[in-house]
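Visitor: Please give me one close look at the interior of this model, and then at the backbone details outside it. I would like the criteria stated along the way.

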Amino acid sequence: MKKIKFLLPILALALYSCSDYLDINSPSPNDLAFTQASPSKLLPGAQVSCYRVQGTTMNQLGNVFMNSWTRNVQSYGNGFDKELQLNLDTGFYSGIVSGSTGLAALLKNFDAIIKYPNPTGEYDYYVAAAKICKVHYEQQIVDLYGDTPYTEAWMGTANTTPKYDDDYSIYQKLFAELQSARDLINNANTNVVDDISASDVMLKGQMDKWIEFANTLQLRMCIRMSEVTGDKATFRDARLAEIQNGPFLSGDVTVNPGFSGTNDDQTSPAFGTFCYLASQTAQQNRTFICMSGHAYKALQTYSTTNWAAFGNNYEIVPGSGINYPNVLDPRSAKLFTAGSGTTTRRAVTQGNPLVDVTTPTGVLPGLPCRLGLSGNFNLRNQASGGTLPEYFACDGYVMTFSESCFLQAEAAVRWPSLFSGAQSWFDQGVSDNITMRNAVDGGYLAAINLKPNFGFTASTTVSQQLHAIMYQKWIALMGINAIQSYFDYTRTGYPVTPLPTGSLVQNRKPYRLMYPTSEYVANSANVPNMTASDCFTLNHLTPFWVPGAPN
């Protein structure tokens, strides 16, 4: 079904968090235990619980908004209804931030590490890691909601109704947090606990990797601000200069505290949510989520698609002038596999009541492709034997090396005086993601590089180059961290992506989400008033980095 089951963190840190969205400071009987918890106890649970939201709910929203996933209409009469109708309200994906398992509450755990008494500097590395993680997730809250509580957040009973901070001012503070984290690592106190590997379930205490992660997050934030002007652009350029020489991620940022199939709470979050329960019975999502027609057409060739049924019009969006690339992507069969009991590949145009995309000789209707286990969960062949216990134990991916490559490629296109190697970074991003999906290139990179808007070599204008980068990043993040592609689309309009068919409440994708109901109940004096239509209009509520936003 479309509803995702939220799983509790391994270290049960939900007990330390409070229950309402941006009402993250409500009284809790656990306050005493929480404030006494040491950084080594707080860090692993905080890392897992926040990733769980990113890898499940946010990932699903990004995949549906970016027209990669849709519902299996062969087997289900409804589901993803609001997403496919673009019908937003105060309950729409509120689980991203609302309640004890939402990001707004869970970030309290990182904040507690940062504020933990540290007079001798022994916790400097814990604090640095917490600051970097806090930036990673807080940025995503700001990108989805614009203004949010920040300076008065996580104060417990001292302030149960925090004010809302301007989103740009939060970004400024997040940049400062990254610099502070780097300083703590580079100039750690002599008393620092220099091995935090037992508690760090992301980067295993490798502080050089934390520096890389911090720099890459700073690059992502600067790129999010790529279209700002005036003082904001001046500020951005100063932050770019700080990281001109990197180093940026040299590998993936993963999380794994020892995932297993012992029980549902301990399975690798994405696999446990989208595929199987610990009992080894299939989640309903296993058959509900299927390949969209847009993804099928993008990843297959014209000769392997029933284009005659669509009038042989190969444009992605009518009038865009950009046709589907007509190159077989080796990731296609890894990302989506034929439905149970069939070898015929089929997909569903988002909003269509019937399975309508298949091979030229494929019989319709029939079961559409579902999520491929190898290409979405067994990344880099972790599950060597492909058994369910192995899948339950697979890493979660917080940030991938391929995303870092595409960020550097875009930076080289936009700011060539500071960054270089756009073609090289583009190629490396594509190649690494193919390897990550357990696929074989088979000439794909060479072929796609001959296609303007999809490969870099043939893209001779900045617009074509940016589209090629966003298109490949869309594929690379599909099923892993697709919300980032939605942010890219909101910022650039790339990659060109069709809206769902059928009855739409709005005629474009939203710029942001609505504040949850819980916030209007618990913090009504501070939460900005807004309507659903505000999400689709450039106004003072639009995240400041969106082009045309009056901020």
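Guide: What follows goes from the interior to the loops. The model is predicted: local features need pLDDT of at least 70, side-chain atom pairs count only at pLDDT 80 or more, and totals for chains, interfaces and linings use all residues. Residues are numbered from 1 along each chain as its sequence is written, and side-chain values use heavy atoms, with hydrogens and water left out.

I begin with helix 19, which spans residues 483-492. Helices (H or I, at least four residues) and strands (E, at least two) are DSSP runs, numbered from the N terminus. Ten of the ten residues of helix 19 are buried, so this helix is largely enclosed by the rest of the structure. Buried means under 20% relative accessible area, exposed means over 50%, and partly exposed lies in between, with a 1.4 Å probe and protein chains only. The buried residues of helix 19 include the aromatic-lettered positions Y486, F487 and Y489, and also D488 and R491. Their cover includes helix 2, helix 5, helix 7 (207-224), helix 15 (401-414) and helix 18 (462-477); contact here means heavy atoms within 4.5 Å. Just after helix 19, G493 has a positive phi of about 80 degrees. A cis peptide bond then joins Y494 and P495, with omega about -5 degrees, and P495 belongs to the loop between helix 19 and helix 20 (517-522).

Helix 5, one of the elements covering helix 19, leads to the core. The largest nonpolar core has 163 residues, and W210, F213, F336 and L513 have the most contacts inside it. Helix 5 (residues 124-145) gives the largest share of this core, 14 residues. A nonpolar core is a set of buried Ala, Val, Leu, Ile, Met, Phe, Trp, Tyr and Cys residues joined through side-chain atoms within 4.5 Å. With neighbours within four places in sequence left aside, F336 is in contact with residues including W69, M291, L299, L371 and M478, and also with R345 and R370.

Q139 is also located in helix 5. Its relative accessibility is 0%, so Q139 counts as buried. Leaving aside neighbours within four places in sequence, Q139 contacts Y171, L174, R220, M221 and R224.

Helix 4 (residues 103-115) has 13 residues and reaches 18 Å from its first C-alpha to its last, close to the 18 Å expected at 1.5 Å a residue. That expected span is 1.5 Å times one less than the number of residues. Twelve of the 13 residues of helix 4 are buried, so the helix is largely enclosed by the rest of the structure. Among them are K108, N109 and D111, together with L106, L107 and F110.

Next come the empty spaces. Rolling a probe the size of a water molecule over the atoms shows where empty space is left. A cavity is a set of points, on a 1 Å grid over the protein atoms alone, where a 1.4 Å probe fits but cannot get out; lining residues have an atom within 4 Å of a point. Grid points are joined across faces, edges and corners, and a volume is the space filled by probe spheres set on the points. There are four cavities of 30 Å³ or more, and the largest has a volume of about 90 Å³. Its lining consists of 15 residues, with Y51, A270, N376, L379 and D395 nearest the centre. Helix 2 (39-65), helix 9 (269-274) and strand 8 (396-399) each supply at least two lining residues, and helix 2 gives the largest share, three residues. The lining divides into eight nonpolar, six polar and one charged residue. Ala, Val, Leu, Ile, Met, Phe, Trp, Tyr, Cys and Pro count as nonpolar, Asp, Glu, Lys and Arg as charged, and the others, Gly among them, as polar.

The loops hold the remaining backbone details. Most residues other than glycine have a negative phi, and most peptide bonds are trans. A cis peptide bond joins L364 and P365, with omega about 0 degrees; P365 lies in the loop between strand 6 (357-358) and strand 7 (370-371). N312 has a positive phi near 55 degrees and sits in the loop between helix 11 (293-299) and helix 12 (332-335). With a relative accessible area of 43%, N312 is partly exposed. N381 also has a positive phi, near 55 degrees, in the loop between helix 13 (373-376) and helix 14 (388-392).

Definitions and conventions. 1 Å grid on protein atoms, 1.4 Å probe; cavity = no way out; pocket = protein on both sides within 12 Å on 5 of 7 lines; lining within 4 Å.
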